Amino acid sequence: MPASLSEGQTARWNKRLAETTTNKARATALWDLARLLAGTDDAAWADLVVLLQRWTTEQQGRPPSP
């Protein structure tokens with residue numbers, strides 16, 4: 001089941017993401033957050049992987065695959 005974040009956890013993650021200064025750092029933080037949010041739900045993890053792969057590709061200036 002996917003995890004839900006408490007108000008404090010949300011604030012911490014917002015702070016971590018706001019402090020990223022490069023796409024590499026942001027990507028690392030987003031992958032960490034995705035794993036946390038997916039919890040033990042493999043389907044949620046798979047969906048988040050697709051989403052983050054597309055974001056990473058776009059950040060590298062490549063067109064996303066269909």
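**Exercises on two tryptophans and two salt bridges**

Trp-31 has a relative accessibility of 26%, so Trp-31 counts as partly exposed, a class that lies between buried (under 20% relative accessible area) and exposed (over 50%), with a 1.4 Å probe and protein chains only. The model is predicted, so local features need pLDDT of at least 70 and side-chain atom pairs pLDDT 80 or more, while totals for chains, interfaces and linings use all residues. Residues are numbered from 1 along each chain as its sequence is written, and side-chain values use heavy atoms, without hydrogens or water.

**Exercise 1.** Describe the geometry of the aromatic pair formed by Trp-31 and Trp-45, and state which parts of the chain the pair ties together.

*Solution.* Begin with the count: the structure holds one aromatic pair, a term for rings of Phe, Tyr and Trp (its six-membered ring) whose centres lie within 6.5 Å, with planes under 30 degrees apart called stacked, over 60 edge-to-face and the rest tilted. The centres of Trp-31 and Trp-45 are 6.0 Å apart and their planes stand at 70 degrees, which is edge-to-face. Next, locate the partners: because Trp-31 belongs to helix 2 (residues 23-38) and Trp-45 to helix 3 (residues 42-59), the pair ties together parts 14 residues apart in sequence; helices here are DSSP runs (H or I, at least four residues) numbered from the N terminus. Finally, Trp-45, like its partner, is partly exposed, at a relative accessible area of 21%.

**Exercise 2.** Find the residue that lies over the face of Trp-45, and list the buried residues of helix 3.

*Solution.* Arg-35 lies over that face, 4.3 Å from the ring centre of Trp-45; the criterion asks for NZ of Lys or CZ of Arg within 6 Å of the centre and within 35 degrees of the ring normal. Turning to helix 3 itself, its buried residues are Ala-44, Val-49, Leu-52 and Thr-57, and helix 2 is included in what covers them. After helix 3 comes Gly-61, with a positive phi near 80 degrees.

**Exercise 3.** Identify the salt bridges and decide which parts of the chain Asp-32 and Arg-16 link.

*Solution.* A search of the whole structure gives two salt bridges, each a side-chain nitrogen of Lys or Arg within 4 Å of a carboxyl oxygen of Asp or Glu. One joins the side chains of Asp-32 and Arg-16 at 2.7 Å, N to O, and this pair links distant parts of the chain, since Asp-32 is in helix 2 and Arg-16 in helix 1 (residues 7-18), 16 residues apart. Asp-32 is partly exposed at 35%, and Arg-16 is partly exposed at 32%. The side chains of Lys-15 and Glu-19 meet at 3.0 Å, N to O, and Lys-15 is exposed at 51%.

Terms used:
Helices (H or I, at least four residues) and strands (E, at least two) are DSSP runs, numbered from the N terminus. Contact means heavy atoms within 4.5 Å.
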